Amino acid sequence: MGLQQFERRLERMVEGAFAKAFRGELQPIELGRRLTREMDLHRAVSVRGLVAPNVFEVVLSEHDHDRFEGFLDALSKELVEAAREHARTEDYTFLGPVVVEINSDRTLPKSTFEIASEVVENTETIAGWIVLPDARRIGVGPEPVTIGRLPDCTVTLADPNVSRRHAEIRRDGDRVYLIDLGSTNGTRVNGVPVHQRELADGDVVTVGITALRFEAD
């Protein structure tokens, strides 16, 4: 499912000016397939469940790197989202943020590429955890945790009742706050509509029809 969504988004991305660049050559979907295979091959069992690699280096030939140059940033973001979607499908856990770096190697023939992966644990101080409906846990660290339908949100939800950028959870010292970002349907904590509220251990945050639980660290 994740790769199908990835492929559809890439098809929209390369329409028009980029379309000719892909005929008969390396296709971006091949990168997505290999990246998810890396996750499957290098997953490991831990006390947190199945842990998958979260940092990837994609190495392209100079020829292909030049072809993709106009949208390398967008491609990297799409590969990050493909990894996240695959993790959701396979019930994998990441120990840190997903990062995809795309580089080139002049020794590689065109249409060939390499992917290296590793598990890199986030060592930043965590003030709490957001527990998703599928039991995945997102740490609340120095950077805000954004919630919404957009792929670049920290927590991306398919819930049609959730706004594109619905809410965010941010820390202030040892305290953690929920802030509604002007969503259409509002945000509730323990059933009560809120605009901004400090979260306590066990609070249930509801956006749309999706319930998330906050656990203090």
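**Exercise 1.** Determine whether Leu60 is buried or exposed in this predicted model, and place Leu60 in its surroundings.

*Solution.* Leu60 has a relative accessibility of 0%, and since buried means under 20%, Leu60 counts as buried. The next step is the element: Leu60 is found in strand S3. Strand S3 covers residues 55-61, and five of its seven residues are buried, so S3 is largely enclosed by the rest of the structure. Across the sheet, Leu60 stands opposite Phe113 in S6. A further residue to consider is Ile115, which is 55 residues from Leu60 along the chain. The C-alpha atoms of Leu60 and Ile115 are nevertheless separated by 8.9 Å.

**Exercise 2.** Find which strands are joined to S3, and give the direction and the number of bridges for S5 and for S6.

*Solution.* Strands of a sheet pair through backbone hydrogen bonds, either parallel or antiparallel. Take S5 (residues 99-105) to begin with: S3 and S5 run parallel and are joined by seven bridges. In this pairing, Phe56 stands opposite Val100 in S5. Then take S6 (residues 113-118): S3 and S6 run antiparallel, with six bridges between them.

**Exercise 3.** Work out the strand order of the open sheet of five strands, and state which strands stand at the edges.

*Solution.* The order is S10-S9-S11-S12-S15, and the pairing is mixed. S10 and S15 (196-198) stand at the edges; each has a single partner strand, so one side of each is left without a neighbour in the sheet. For S15, the pairing with S12 (residues 175-180) is antiparallel and extends over three bridges. Within that pairing, Ile179 has Gln196 of S15 as its bridge partner.

**Exercise 4.** Compare the end-to-end reach of H2 with its expected value, do likewise for H4, and list the buried residues of H2 and of H4.

*Solution.* Helix H2 (residues 28-41) has 14 residues, and its first and last C-alpha atoms are 20 Å apart, close to the 20 Å expected at 1.5 Å a residue. H4 has 19 residues, which should span 27 Å at 1.5 Å a residue; the end C-alpha atoms are 27 Å apart, which agrees. Now the burial. In H2 the buried residues are Pro28, Ile29, Leu31, Gly32, Leu35, Thr36, Glu38 and Met39. In H4 they include Leu72, Leu75, Leu79 and Val80, together with Glu78, Glu81, Glu85 and His86. Just after H4, Asp91 takes a positive phi of about 65 degrees.

**Exercise 5.** Identify the residues with the most contacts inside the largest nonpolar core, and the element that supplies its largest share.

*Solution.* This core has 23 residues, and Leu31 and Met39 have the most contacts inside it. Both appear among the buried residues of H2. At least two core residues come from each of H2, S3, H4, S5 and S6. The largest share, six residues, is supplied by H4.

**Exercise 6.** Describe the largest pocket by its volume, its lining and the residue classes of that lining.

*Solution.* The volume is about 940 Å³. The lining consists of 34 residues, and Gly96, Pro97, Arg137, Ile138 and Gly139 lie nearest the centre of the pocket. Two or more lining residues come from each of strand S2 (49-51), helix H4 (72-90), strand S4 (92-93), strand S8 (137-140) and strand S10 (155-156). By class, the lining divides into 15 nonpolar, eight polar and eleven charged residues.

Key:
Residues are numbered from 1 along each chain as its sequence is written. This is a predicted model: local features need pLDDT of at least 70, side-chain atom pairs count only at pLDDT 80 or more; totals for chains, interfaces and linings use all residues. Side-chain values use heavy atoms; hydrogens and water are left out. On a 1 Å grid over the protein atoms alone, a cavity is a set of points where a 1.4 Å probe fits but cannot get out, and a pocket is an open set with protein on both sides within 12 Å along at least five of seven lines; lining residues have an atom within 4 Å of a point. Grid points are joined across faces, edges and corners, and a volume is the space filled by probe spheres set on the points. Helices (H or I, at least four residues) and strands (E, at least two) are DSSP runs, numbered from the N terminus. Ala, Val, Leu, Ile, Met, Phe, Trp, Tyr, Cys and Pro count as nonpolar, Asp, Glu, Lys and Arg as charged, and the others, Gly among them, as polar. The expected span of a helix is 1.5 Å times one less than its number of residues. Buried means under 20% relative accessible area, exposed over 50%, partly exposed in between (1.4 Å probe, protein chains only). Two strands pair if DSSP finds at least two bridges between them. A nonpolar core is a set of buried Ala, Val, Leu, Ile, Met, Phe, Trp, Tyr and Cys residues joined through side-chain atoms within 4.5 Å.
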